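Hello,

Here is the structure I promised to pass on to you. Have a look at it first, and then read on for what I found in it.

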Amino acid sequence: MGASNQSTVTEFVLLGLSAHPKLEKTFFVLILSMYLVILLGNGVLILVTVSDPRLHTPMYFFLGNLSFLDICYTTSSVPLVLDGFLTPRKTISFSGCAVQMFLSFAMGATECVLLGMMAFDRYVAICNPLRYPVVMSKAAYVPMAASSWVAGGANSLVQISLAVQLPFCGDNVINHFICEILAVLKLACADISINVISMGVANVIFLGVPVLFIFVSYIFILTTILKIPSAEGRKKAFSTCSAHLTVVVIFYGTILFMYGKPKSKDPLGADKQDLSDKLISLFYGLLTPMLNPIIYSLRNKDVKTATRSLVAQKCLAW
């Protein structure tokens, strides 16, 4: 009887920084600036990898996919965050929340798989260079990238389908900037054990397996590099995978920091803990997409040369 008297939730209220209104303008400028850097940096990287024939290789094809993914990932949440900083009552419809969760969840899972694919590409290039053109042909690397997107989308579809089937008939306040799936599940007025188990399995598949694959790939890569007789040869071989390794360390390092840091046992510090968790989660979603194009452009001569060539062409056209 009690459940029948409760109204079904049709929208969610996002708390964001409601408890800290003085910080909203500062964070609006900061988040907007980071988002513009992400759009510009990744947009230029996509344009360069598409327009320069010298970059029509598997590595740069994956890099273009990674840049496009980062744009999609941030666009799925940042506009909502920015709007929340400017709107007194921060609400989102139930369907809008589901779409936002699907996109962010799909992009995150896809990036995990794509980083694994990029590790395999570097493994073949360094450990089996003579077979590289055969193993990493266009007939191989295009389906590899496509499978990353399909796998991420399928996983997200399963998780979000399970989430939206839950009854939400009570509290509709999400203590976050966006519809973060764990924060949404806490509001369901039903058993969420199936959702928790499903997400646990997905984390093993989309986080654990790619990390293990990348780790094993780099063991073989480093072993091969150390066998190269000349110091110049070792340096050149390592430079071909250093950018990818840096991105992997930042991506997974941020995840480990976010979910592995100890929780405060002081109940008086609960508000500060919540604020800290929300801000870390927010900046985690911006840090890697913002740094990826910087890392690849600063540590890659081919990208820097292609970028300068593209800028020169545009200047001459004007």
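Let's start with one residue: Ser-148 is buried, because its relative accessible area is 0%, and the cut-off for buried is under 20%. Please keep in mind that this is a predicted model. Ser-148 has its place in helix α6. Which residues does Ser-148 contact, once its neighbours within four places in sequence are left aside? They are Thr-110, Val-113, Leu-114 and Met-117.

Now step back to the whole protein. You can find 11 helices and 3 strands in it. If you follow the sequence from start to end, the order is β-α-α-α-β-α-α-α-β-α-α-α-α-α. Of the 318 residues, 44% are buried. The exposed area comes to about 16800 Å², and 70% of that is supplied by carbon and sulfur atoms. Contacts across the sequence are worth a look too: taking those between residues at least 6 apart, 80% join residues at least 24 apart.

Next come the helix pairs. Two packed helices are described by the angle between their axes and the distance between the axes.

Back to α6, the helix of Ser-148. Helix α6 covers residues 138–164 and α8 covers residues 193–226; their axes come within 10 Å and cross at roughly 170°. Angles over 145 degrees count as roughly antiparallel, so α6 and α8 are roughly antiparallel to each other. Their crossing is left-handed. On the α6 side, the residues that meet α8 are Ala-151, Gly-152, Asn-155, Val-158, Gln-159, Leu-162 and Ala-163. On the α8 side you will find Asn-195, Ser-198, Met-199, Ala-202 and Phe-206. How do the residues of this contact divide into nonpolar, polar and charged? There are 7 nonpolar, 5 polar and no charged residues in the contact of α6 with α8.

A second pair is α2 (residues 58–75) with α4 (residues 94–127), whose axes come within 10 Å and cross at roughly 165°. That angle makes α2 roughly antiparallel to α4. Here, too, the crossing is left-handed. Among the α2 residues that take part are Pro-58, Met-59, Phe-62 and Asp-70, and among those of α4 are Glu-111, Leu-114, Asp-121 and Arg-122. The contact of α2 with α4 has 12 nonpolar, 4 polar and 4 charged residues.

Asp-121 is a good residue to zoom in on. Asp-121 sits in helix α4. Is Asp-121 buried or exposed? With a relative accessibility of 1%, Asp-121 counts as buried. Not counting residues up to four places away in sequence, Asp-121 touches Pro-58, Met-59, Phe-62, Tyr-132 and Met-136.

Helix α2 has another partner. Helix α1 (residues 24–51) packs with α2 at an angle of about 155°, and the axes are 9 Å apart. This makes α1 roughly antiparallel to α2. The crossing of α1 and α2 is left-handed. From α1 the contact includes Tyr-35, Ile-38, Leu-39 and Asn-42, and from α2 it includes Tyr-60, Leu-63, Gly-64 and Asp-70. The residues of the contact of α1 with α2 divide into 9 nonpolar, 7 polar and 1 charged.

Two more residues show how the chain brings distant parts of the sequence into view.

His-176 lies in the loop between β3 (173–174) and α7 (181–185). His-176 counts as buried, at 8% relative accessibility. Along the chain, His-176 and Asp-277 are 101 residues apart, and 9.1 Å separates their C-alpha atoms. What does His-176 touch, if residues up to four places away in sequence are not counted? The list is Leu-14, Leu-15, Gly-16, Lys-278 and Ser-281.

Tyr-284 has its place in helix α10 (residues 270–298). Tyr-284 counts as buried, at 14% relative accessibility. Tyr-284 and Phe-251 are 33 residues apart in sequence, and their C-alpha atoms are 8.5 Å apart in space.

If you would like a place to begin, try showing α1, α2 and α4 together: α2 packs with α1 and meets α4.

Happy exploring, and best wishes!

Terms used
Residues numbered from 1 in each chain as written. Predicted model: local features only at pLDDT ≥ 70, side-chain atom pairs only at ≥ 80, totals over all residues. Heavy atoms only, no water. Helix = DSSP H or I, 4+ residues; strand = E, 2+ residues; numbered from the N terminus. Buried < 20%, exposed > 50% of the residue type's maximum accessible area, 1.4 Å probe, protein only. Contact = heavy atoms within 4.5 Å. Areas by Shrake-Rupley, 256 points an atom, 1.4 Å probe, with all protein chains shown as cover. Axes fitted to C-alpha atoms, helices over the stretch in contact; angles between N-to-C directions. Parallel < 35°, antiparallel > 145°, perpendicular 65-115°, else oblique. Left-handed = near helix turned anticlockwise from the far one by under 90°. Nonpolar A, V, L, I, M, F, W, Y, C, P; charged D, E, K, R; others polar.
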